[in-house]
Amino acid sequence: MAWFDRRSGTAAVVGEASAEPATAVVTDSAAALPQDWITGSGPAVGVTIVPMPVIIGGRHYGEGADNLLEPLSVALVEGSEVRTSRPSPGQFQNVYRRLEREGAQEIVSIHLSGKLSGTVEAARWAARTVSVPVHVVDSGTVGMAQGCAVAAVALALRDGATASEAALRAAAYCAGTRIFFYVPSLEQLRRGGRIGAAAGFFGTLLAVKPLLTVRDGAIEPLEKVRTAARARQRLEELVRDDLRQRAAGSIAAFHYFGNRAEAEAAASRVPAGAEALLTRMPAVLAAHTGLGVLAVALSDPLSPDHG
C-alpha cells in the first residue's frame with residue numbers, strides 16, 4: 001500500500017501559476033485537493049481553486065483564505081448556527097477574466113454536484129460573460145472524488161488533451177467514483193437540508209448510525225447500522241469490496257473532521273495496491289456532516305502514468 005499523509009489538510013487558494021497552460025483548470029474548495037497536489041510536481045499544480053463561503057455566527061469565512069478549523073469546530077460542538085453558500089457568479093467571472101489575461105485560451109471548470117450546491121450554476125453564468133470558451137462540468141460528486149477528477153484533467157491537459165477532451169474526461173472519471181461516509185448524527189445534514197431521501201429512510205430511529213453515499217449527485221441512504229463501531233467496520237468493508245474491482249493504483253481518500261486517529265486507522269487497512277490518502281474534510285462539507293464524520297472517496301488511477 002502506498003501511504004500519503006496529508007497533514008496540512010485541504011488546499012489553500014491557488015494564486016498565479018508560474019506558467020499557465022493554454023487551457024486552465026478551475027475548481028472549488030469542496031474538491032478537498034491536498035496541498036501537495038497543487039504545489040511542486042503535484043498532479044493538480046496550476047489549478048485555480050475558488051473558495052466556498054462558510055457562515056458561522058453571521059460572520060463569513062472563505063475556505064483557504066481564512067483559518068476555519070477552530071471557529072467551525074467550536075460552533076459544531078456548541079450547536080451554533082453554521083451555514084454555507086455558493087461562490088458568487090462575480091467571483092467566477094473575476095477568476096475567468098484573470099486566467100484569460102494570463103494567457104488561457106480555454107478553461108475547464110469542474111465543480112461539486114449541482115444537486116448539493118448552486119456553485120455550478122454560478123460558474124455557468126460567469127462562463128457566458130467572458131470571451132474565452134469555458135467548459136463547465138457538474139462533477140455529480142464532491143470531496144476527493146471531485147478532486148481526483150480535477151487532477152486527472154490537469155494531467156490529461158499536460159499530456160496534450162484538448163479542452164473538450166479534458167471536459168469529457170472529467171465527466172467520465174467522476175462517473176466511476178464512489179463515496180461512502182458515516183456520520184455520528186444526521187442533525188447537521190437535517191439543518192442544511194442535504195439528506196433528502198435519507199430523512200425518510202432513517203426516520204426518527206435515534207439509535208441508528210447512518211451509512212450514506214452520493215448517488216446521481218445527491219446524498220442518499222446506504223445502510224442502517226446500530227453502533228458506531230459497526231458503522232466504521234462496515235465502511236471499511238465497502239471500501240475493500242470497491243477497491244477489489246478497480247485497477248492497481250486506484251485511490252482511497254479518507255476525509256475526517258475532529259477524528260483524525262479513526263481515519264488513520266481505517267486508511268492503514270486499505271488493501272495493497274491502492275493509494276490511501278488522508279485529508280481533513282473541507283470546512284464547507286464539514287459544516288453539513290458535523291464532527292466525527294468519516295468519509296471515503298474511491299477513484300480510479302489518475303492516468304496510466306500517474307496511477
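## Strand β14

Six of the six residues of β14 are buried, so the strand is largely enclosed by the rest of the structure. This is a predicted model. Strand β14 spans residues 294-299. Both of its faces are covered. On one side sit Leu294, Val296 and Leu298, all buried. On the other sit Ala295, Ala297 and Ser299, and these are buried too.

Strand β14 has β9 as one partner: five bridges join the two, and they run antiparallel. Within this pairing, Arg178 has Leu298 as its bridge partner. Strand β12 also pairs with β14 in the antiparallel sense, over six bridges. Two residues of β12 help to place the register. Ile251 stands opposite Ser299. Phe254 has Val296 as its bridge partner in β14.

## Strand β12 and its crossover

Strand β12 covers residues 251-256, and six of its six residues are buried. Its two faces are both covered. Ile251, Ala253 and His255 are buried on one side. Ala252, Phe254 and Tyr256 are buried on the other.

Besides β14, strand β12 pairs with β13 (residues 275-280). Six bridges join β12 and β13, and the strands run parallel. The chain gets from β12 to β13 through helix α9 (residues 260-267), and this β-α-β crossover is right-handed. Ile251 takes part in this pairing as well: its bridge partner in β13 is Glu275. Ile251 thus has a partner in β13, Glu275, and faces Ser299 in β14.

## The largest pocket

The largest pocket has a volume of about 310 Å³. Its lining has 24 residues, and the closest to the pocket centre are Leu116, Val142, Ile219, Leu285 and Thr289. By class, the lining holds 15 nonpolar, seven polar and two charged residues.

Which elements each supply at least two residues of the lining? They are β9 (178-182), α10 (283-289) and β14. Helix α10 gives the largest share, four residues. Strand β14 therefore belongs to two parts of this report: its six residues are buried, and it supplies at least two residues of the pocket lining.

## Salt bridges

Side chains of opposite charge can pair when their charged atoms come close. The whole structure has 14 salt bridges. One of them links Arg98 and Glu102, with the closest N and O atoms 3.0 Å apart. Is Arg98 buried or exposed? Arg98 is buried, with a relative accessible area of 17%. Its partner Glu102 is partly exposed, at 26%.

A second pair is Glu121 and Arg124, where the N to O distance is 2.7 Å. Both residues lie in helix α3 (residues 119-127), three residues apart, about one turn of the helix. Glu121 is partly exposed, with a relative accessible area of 44%. Arg124 is partly exposed too, at 31%. Arg230 and Glu237 also meet in a salt bridge, at 3.2 Å from N to O. Arg230 counts as partly exposed, with 34% relative accessibility. Salt bridges with shared partners join Glu223, Arg230, Arg234 and Glu237 into one network.

## Positive phi in two loops

Which loop holds Ala32? Ala32 lies between β2 (23-28) and β3 (48-50). Phi of Ala32 is near 60°, a positive value in a residue other than glycine. At 1% relative accessibility, Ala32 is buried, because the cut-off for that class is under 20%.

Asp216 also has a positive phi, about 55°, although it is not a glycine. Asp216 is found in the loop between β10 (209-215) and β11 (218-225). Asp216 has 64% relative accessibility, so it counts as exposed, the class for values over 50%. The two residues fall in opposite classes: Ala32 is buried, whereas Asp216 is exposed.

Definitions and conventions. Residues numbered from 1 in each chain as written. Predicted model: local features only at pLDDT ≥ 70, side-chain atom pairs only at ≥ 80, totals over all residues. Heavy atoms only, no water. Buried < 20%, exposed > 50% of the residue type's maximum accessible area, 1.4 Å probe, protein only. Pairing = 2+ DSSP bridges. Right-handed = clockwise from strand over helix to strand, strands pointing away. Salt bridge = Lys/Arg side-chain N within 4 Å of Asp/Glu carboxyl O. 1 Å grid on protein atoms, 1.4 Å probe; cavity = no way out; pocket = protein on both sides within 12 Å on 5 of 7 lines; lining within 4 Å. Points joined across faces, edges and corners; volume = space filled by probe spheres on them. Nonpolar A, V, L, I, M, F, W, Y, C, P; charged D, E, K, R; others polar.
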